[in-house]
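Below are some notes for a colleague who is about to look through this model. They are set out as numbered points, to be read beside the structure.

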Amino acid sequence: MALKKCKECAKEVSTKALSCPHCGCPTKSQNNALGCSIAAIVFVLLLWVAKEVFLQFSEVRIFGRKVKFR
Ligand SMILES: [Zn+2]
């Protein structure tokens with residue numbers, strides 16, 4: 001089983017794999033780079049939103065005092 005580097009995340013992927021198991025980027029088609037990039041951007045945005053939501057809920061005011069659960 002041969003390995004080649006994913007063009008998106010540069011991790012090693014089987015040449016038999018249809019898509020990269022690390023980032024989901026298709027390995028066969030060269031035309032899906034745009035869709036792959038959009039998927040990566042959406043993924044980063046989701047991570048960012050999740051972080052913001054977590055920060056909102058990790059800081060709660062109790063009796064007027066800021067309490068941080070971190
Ligand atoms: Zn990849």
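1. Is Ala 10 buried or exposed, judged by the other C-beta atoms within 10 Å? Ala 10 is exposed, because 11 other C-beta atoms lie within 10 Å, and the limit for that class is 12 or fewer. This residue sits in the loop that joins strand 1 (3–5) to strand 2 (12–14), and its phi is near 65°, a positive value in a residue other than glycine. Most residues other than glycine have a negative phi.

2. As to the overall picture, the model is a predicted one, and its confidence should be kept in mind throughout. The mean pLDDT of the protein is 82, with 74% of the residues at 70 or more. Among the elements, strand 2 has the highest mean pLDDT, at 91, whereas strand 3 (residues 59–62) has the lowest, at 64.

3. The secondary structure consists of one helix and four strands, which follow one another along the sequence in the pattern β-β-α-β-β. Of the 70 residues in the protein, 10% are buried. When contacts between residues at least 6 apart in sequence are considered, 4% of them join residues at least 24 apart.

4. The largest nonpolar core has five residues, namely Cys 6, Val 13, Cys 20, Cys 25 and Cys 36. One of these, Cys 36, touches Glu 8, Cys 25 and Pro 26, if residues up to four places away in sequence are left out of the count; Cys 25 is thus both a member of this core and a contact of Cys 36.

5. Cys 23 belongs to the loop between strand 2 and helix 1 (33–57), and it counts as partly exposed because it has 17 C-beta neighbours inside 10 Å, where 20 or more would make a residue buried. Leaving aside residues up to four places away in sequence, Cys 23 touches Cys 6, Glu 8, Cys 9 and Ala 40. Cys 23 and Lys 11 are twelve residues apart in sequence, with a C-alpha to C-alpha separation of 9.1 Å.

6. What is the exposure class of Lys 7, given its other C-beta atoms within 10 Å? Lys 7 is partly exposed, since 15 other C-beta atoms lie within 10 Å. This lysine is placed in the loop between strand 1 and strand 2, the loop in which Ala 10 is also found. Between Lys 7 and Thr 27 there are 8.0 Å in space, C-alpha to C-alpha, and the two are 20 residues apart in sequence.

Note on methods:
Residues numbered from 1 in each chain as written. Predicted model: local features only at pLDDT ≥ 70, side-chain atom pairs only at ≥ 80, totals over all residues. Helix = DSSP H or I, 4+ residues; strand = E, 2+ residues; numbered from the N terminus. Contact = placed C-beta atoms within 7 Å. Core = buried A, V, L, I, M, F, W, Y, C linked by C-beta atoms within 7 Å. pLDDT = per-residue confidence, 0-100.
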